Amino acid sequence: MAEQKGSDILNQADSMWKMLDDLADSDPEAYKKFIDKTLKEGSTYFKPPEPCFCISTTLLPTVITHELFVNICGWEQMLAPKSENDAIPVMAGEIKEVKDGEATYSVVDVIVHPVVTKGVINSKDRKNLLVHVALDYLENAKQIQVSRKYKNLKKSFKGDPKTLRKYLRQGREQALNPTNSEEQRKGVSQSPESLLRQLSSITVSESQQDGNDPIDLFERFAEKPKKVLIEEVSSTNTVPMPITPSYEVLEKDAEDSKPKRIIVKVNLPNIISSSQCQLDVCESEMSLDSPGVYNLHIKLPQKIDPERTDATFNTNSHKLIVKLPIQS
């Protein structure tokens, strides 16, 4: 059986080289395009994930603070979300514990398609959203708890970026979706049958231009279709995209001891506790984030005093009321 398989591979290789030689002689331009295309796709296939940015947070609950570094990376092998409203496919590596002298910390890689990481460095909101998507995924996939308070590192990667090469061996099957894995696997690493099929299509197009009947050169190497006994299911996990909640912005005049203020009322029907939300306020903006549920960013009509901001969440009406005193 093994000898027969080896013989088939040799026959396929011989035919492939013969077809390449024939193509080089008959149509040098088509030959060059085929080689360039194969090398270009192969370079993408063998390209490991690239670091984008790194954050540090802490594992919960813990008596002694244990720092967790999260390397956010982009990789062409990952699926890209089809639209802004689609879930983001995410993959994570192993959480590794590192000892540095007396200190101990952990590091993990979180990988998405480059279309997701594009522009996050210049957009605080997009970066914050991606961080929370990554943390949500880690909590679900790794069964851990992490703090939502994080710091941005100056370096884009914690550790040696060369370690990302391991995903070329370990992570490709998880990153690929069966529905388009053929499209992502194209390149010099393809099987002889795949390359023969491409070469056959070139030869067929040439023969059709000459007015001859097309010849399927791949036919002699095709195997009889086998019944599929196991259905392949993607192991790529997805995290739902948060939505913008309904809200109302009001300006109140000063009355009694209360200063002139802006009041923001936000409806959060899917929130049961204020601990599920993170509120950030500066002089001219307010942002609210509930990872995987809600995301809201508001530009305030006037400058306010962040230090005197007051917020309350009603668990019965599921409404958040934020009172923002206007600067005098």
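**Entry 1: strands S1 and S2**

I began with a single pair and found that Thr 57 stands opposite Leu 68 in S2. The model I am reading is a predicted one. I then looked up the pairing as a whole: S1 and S2 run antiparallel and are joined by 8 bridges. On its burial, I noted that S2, residues 67-74, is mostly covered, with 7 of its 8 residues buried.

I followed S2 to a further partner, strand S5 (residues 103-112), and counted 7 bridges between the two, which run parallel. In this pairing Cys 73 stands opposite Ile 111 in S5. I add as background that strands of a sheet pair through backbone hydrogen bonds, either parallel or antiparallel.

**Entry 2: Ser 56**

I located Ser 56 in strand S1, which covers residues 50-60. Is Ser 56 buried or exposed? I found a relative accessible area of 7% for Ser 56, under the 20% limit, so this residue counts as buried.

I next asked which side chain makes a polar contact with the side chain of Ser 56. The partner is the side chain of Glu 67, at 3.4 Å. Setting aside neighbours within four places in sequence, I listed the contacts of Ser 56 as Glu 67, Leu 68, Phe 69, Lys 149, Tyr 150, Lys 151 and Leu 153.

**Entry 3: Thr 117 and Ile 72**

I placed Thr 117 in helix H3, residues 114-117. Thr 117 has a relative accessible area of 10% and is therefore buried, the limit being under 20%. Apart from neighbours within four places in sequence, Thr 117 is in contact with Cys 52, Ile 72, Cys 73, Gly 74, Val 112 and Leu 130.

I then read the contact from the side of Ile 72. Not counting residues up to four places away in sequence, Ile 72 touches Thr 117, and also Pro 51, Cys 52, Phe 53, Val 110, Leu 130 and Ala 134.

**Entry 4: nonpolar cores**

I looked up the largest nonpolar core, which has 23 residues. The members that touch the most others are Phe 53, Val 70, Ile 72, Val 90, Val 110, Leu 135 and Leu 138. Two or more residues each come from S1, S2, strand S3 (88-92), S5 and helix H4 (124-142). I asked which element gives the most to this core. That element is H4, with 7 residues. I also recorded a second, separate core of 17 residues, which includes Leu 268, Leu 288, Ile 304 and Phe 313.

**Entry 5: the sheet S11-S12-S13**

I found 3 strands in an open sheet, ordered S11-S12-S13, with antiparallel pairing. Strand S11 (278-281) and strand S13 (294-299) each have a single partner strand, so one side of each is left without a neighbour in the sheet. Direction ignored, neighbouring strands of this sheet are turned by 5 degrees against each other on average.

I examined the pairing of S11 with strand S12 (residues 285-290): the two run antiparallel and 4 bridges join them. Here Leu 279 stands opposite Leu 288 in S12. I had already noted Leu 288 in the second core.

**Entry 6: the sheet S9-S10-S15-S14**

I then turned to an open sheet of 4 strands, in the order S9-S10-S15-S14, whose pairing is antiparallel. Its edge strands are S9 (247-252) and S14 (310-314), each pairing on one side only. The average turn between neighbouring strands of this sheet is 15 degrees, direction ignored.

I counted 5 bridges between S14 and strand S15 (residues 319-325), which run antiparallel. One facing pair is Ala 311 and Val 322, the latter in S15.

**Entry 7: two positive phi values**

I note that most residues other than glycine have a negative phi. I found His 318 with phi near 55 degrees, a positive value in a residue other than glycine. His 318 sits in the loop between S14 and S15. At 23% relative accessibility I entered His 318 as partly exposed.

Gln 143 also has a phi near 55 degrees, a positive value. I traced Gln 143 to the loop between H4 and strand S6 (145-146). The relative accessible area of Gln 143 is 67%, over the 50% limit, so Gln 143 is exposed.

**Entry 8: the chain as a whole**

I closed with totals for the protein chain, which has 8 helices and 15 strands. Buried residues account for 35% of its 328 residues. Of the contacts between residues at least 6 apart in sequence, 62% join residues at least 24 apart. The accessible surface of the chain comes to about 20,700 Å², and 49% of this belongs to carbon and sulfur atoms.

Technical notes
Residues numbered from 1 in each chain as written. Predicted model: local features only at pLDDT ≥ 70, side-chain atom pairs only at ≥ 80, totals over all residues. Heavy atoms only, no water. Buried < 20%, exposed > 50% of the residue type's maximum accessible area, 1.4 Å probe, protein only. Polar contact = N/O pair within 3.5 Å; in protein donor to acceptor, adjacent residues only side chain to side chain. Contact = heavy atoms within 4.5 Å. Pairing = 2+ DSSP bridges. Axes fitted to C-alpha atoms, helices over the stretch in contact; angles between N-to-C directions. Areas by Shrake-Rupley, 256 points an atom, 1.4 Å probe, with all protein chains shown as cover. Core = buried A, V, L, I, M, F, W, Y, C linked by side-chain atoms within 4.5 Å.
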